Amino acid sequence: MNTPDNKRKKASMERIEKVFIELLQTKELSEISVSELCKRAGLNRTTFYANYIDIYGLADTIRDKLENSLQELYESEITQGFNSNDYLKLFRHIKDNQIFYQTYFKLGYDNNYKIITYDVNLARQHFQNRFIEYHMEFFRAGITRLIKLWLQNGCMESPEEMFEILTSEYQGRG
């Protein structure tokens, strides 16, 4: 493959994604056009369509990047088959990547709960295998709302303080 073209393509994609995220801070997804995006990025529409199907495909790309980044954060746990419940890592990742998480939530991807995992086996122990779906939904909704509020407030509290808030809500569930 031609290395200069690969570098150019990568730079173009990064520019498109950066401008897209900037636009999402002030507009809804449905209000963003490929023409406007390309104009702001200083690129042709053909460059956009060479890399993405449409605006929604671009949004999915942004989502996938965030989810993959988060999965890498917990990769050793995933491969070893255990859950440390170390949400401090998550809060640090959010603080370091605020704009991506704000974009993730603005696009409504939180309804899929891919960034928040739940240890079903641990829940079965804590709740005597009763009403597990309800406990999972309560936890997911609670932590999602906690993260959204923290982002809305500019992540003023430290990741350690957010972890303390979360664990105080789940005392005795260690």
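## An all-helix chain, from its tail inwards

Tyr 170 lies in the segment after H10, and that is a handy place to start a tour of this predicted model. The chain holds 10 helices and 0 strands, so no β appears when the pattern is read along the sequence: α-α-α-α-α-α-α-α-α-α. Of its 174 residues, 34% count as buried. Among contacts between residues at least 6 apart in sequence, 61% join residues at least 24 apart. The points below go from the tail to the helix pairs, and then to a few single residues.

**The tail and helix H9**

- How exposed is Tyr 170? Its relative accessibility is 23%, which means that Tyr 170 counts as partly exposed, since the buried class stops under 20%.
- Leaving out residues up to four places away in sequence, Tyr 170 touches Phe 138 and Phe 139.
- Phe 139 sits 31 residues from Tyr 170 along the chain, and the C-alpha atoms of the two are separated by 9.4 Å.

**H9 against H10**

- Helix H9 covers residues 132-152 and helix H10 covers residues 159-169; the two pack at an angle of about 150°, with axes 12 Å apart.
- Angles over 145 degrees count as roughly antiparallel, and H9 and H10 are therefore roughly antiparallel to each other.
- H9 passes H10 in a right-handed crossing.
- On the H9 side, the contact is made by Phe 139, Ile 143, Leu 146 and Trp 150; on the H10 side, Pro 159, Met 162, Ile 165 and Leu 166 take part.
- Which classes of residue make up this contact? There are 8 nonpolar residues, with no polar and no charged ones.
- Phe 139 thus turns up in two places: in the contact of H9 with H10, and as a residue touched by Tyr 170.

**The loop between H9 and H10**

- Cys 155 has its place in the loop between H9 and H10.
- At 2% relative accessibility, Cys 155 counts as buried.
- What stands out in the backbone of Cys 155 is a positive phi of about 50°, although this residue is not a glycine.
- For context, most residues other than glycine have a negative phi.

**H7 against H9**

- Helix H7, residues 98-106, packs with H9 at an angle of about 125°, and the axes are 10 Å apart.
- That angle makes H7 oblique to H9.
- The crossing of H7 and H9 is left-handed.
- H7 brings Gln 98, Tyr 101, Gln 102 and Phe 105 to the contact, while H9 brings Thr 144, Ile 147, Lys 148 and Leu 151.
- By class, the residues of the contact of H7 with H9 divide into 4 nonpolar, 3 polar and 1 charged.

**H4 against H7**

- Helix H4, residues 55-73, also packs with H7, at an angle of about 125° and with axes 10 Å apart.
- How are H4 and H7 oriented? The angle makes H4 oblique to H7.
- H4 passes H7 in a left-handed crossing.
- From H4, Ile 62, Arg 63, Leu 66, Glu 67 and Leu 70 meet Phe 100, Tyr 101, Thr 103 and Tyr 104 in H7.
- The contact of H4 with H7 has 6 nonpolar, 1 polar and 2 charged residues.
- Tyr 101 of H7 is worth following in the viewer: this residue is listed in the contact with H4 and in the contact with H9.

**His 93 and its neighbours**

- His 93 is found in helix H6, residues 87-96.
- Is His 93 buried or exposed? With a relative accessibility of 10%, His 93 counts as buried.
- The side chain of His 93 makes a polar contact with the side chain of Ser 69, at 2.8 Å.
- Not counting residues up to four places away in sequence, His 93 touches Leu 66, Ser 69, Leu 70, Leu 73 and Tyr 101.
- Among those neighbours, Leu 66, Leu 70 and Tyr 101 also take part in the contact of H4 with H7.

**Ser 35 and Arg 45**

- Ser 35 is found in helix H2, residues 34-41.
- At 38% relative accessibility, Ser 35 counts as partly exposed.
- What does the side chain of Ser 35 contact? There is a polar contact with the side chain of Arg 45, at 2.9 Å.
- Ser 35 and Arg 45 are 10 residues apart along the chain, and their C-alpha atoms are separated by 6.7 Å.

Key: Residues are numbered from 1 along each chain as its sequence is written. This is a predicted model: local features need pLDDT of at least 70, side-chain atom pairs count only at pLDDT 80 or more; totals for chains, interfaces and linings use all residues. Side-chain values use heavy atoms; hydrogens and water are left out. Axes are lines fitted to C-alpha atoms, for helices over the stretch in contact, and angles run from 0 to 180 degrees between N-to-C directions. Helices (H or I, at least four residues) and strands (E, at least two) are DSSP runs, numbered from the N terminus. Angles under 35 degrees count as roughly parallel, over 145 as roughly antiparallel, 65 to 115 as roughly perpendicular and the rest as oblique. A crossing is left-handed if the near helix is turned anticlockwise from the far one by less than a right angle, and right-handed if clockwise. Contact means heavy atoms within 4.5 Å. Ala, Val, Leu, Ile, Met, Phe, Trp, Tyr, Cys and Pro count as nonpolar, Asp, Glu, Lys and Arg as charged, and the others, Gly among them, as polar. Buried means under 20% relative accessible area, exposed over 50%, partly exposed in between (1.4 Å probe, protein chains only). A polar contact is a pair of N or O atoms within 3.5 Å; within protein, one must be able to donate a hydrogen and the other to accept it, and residues adjacent in sequence count only if both atoms are side-chain atoms.
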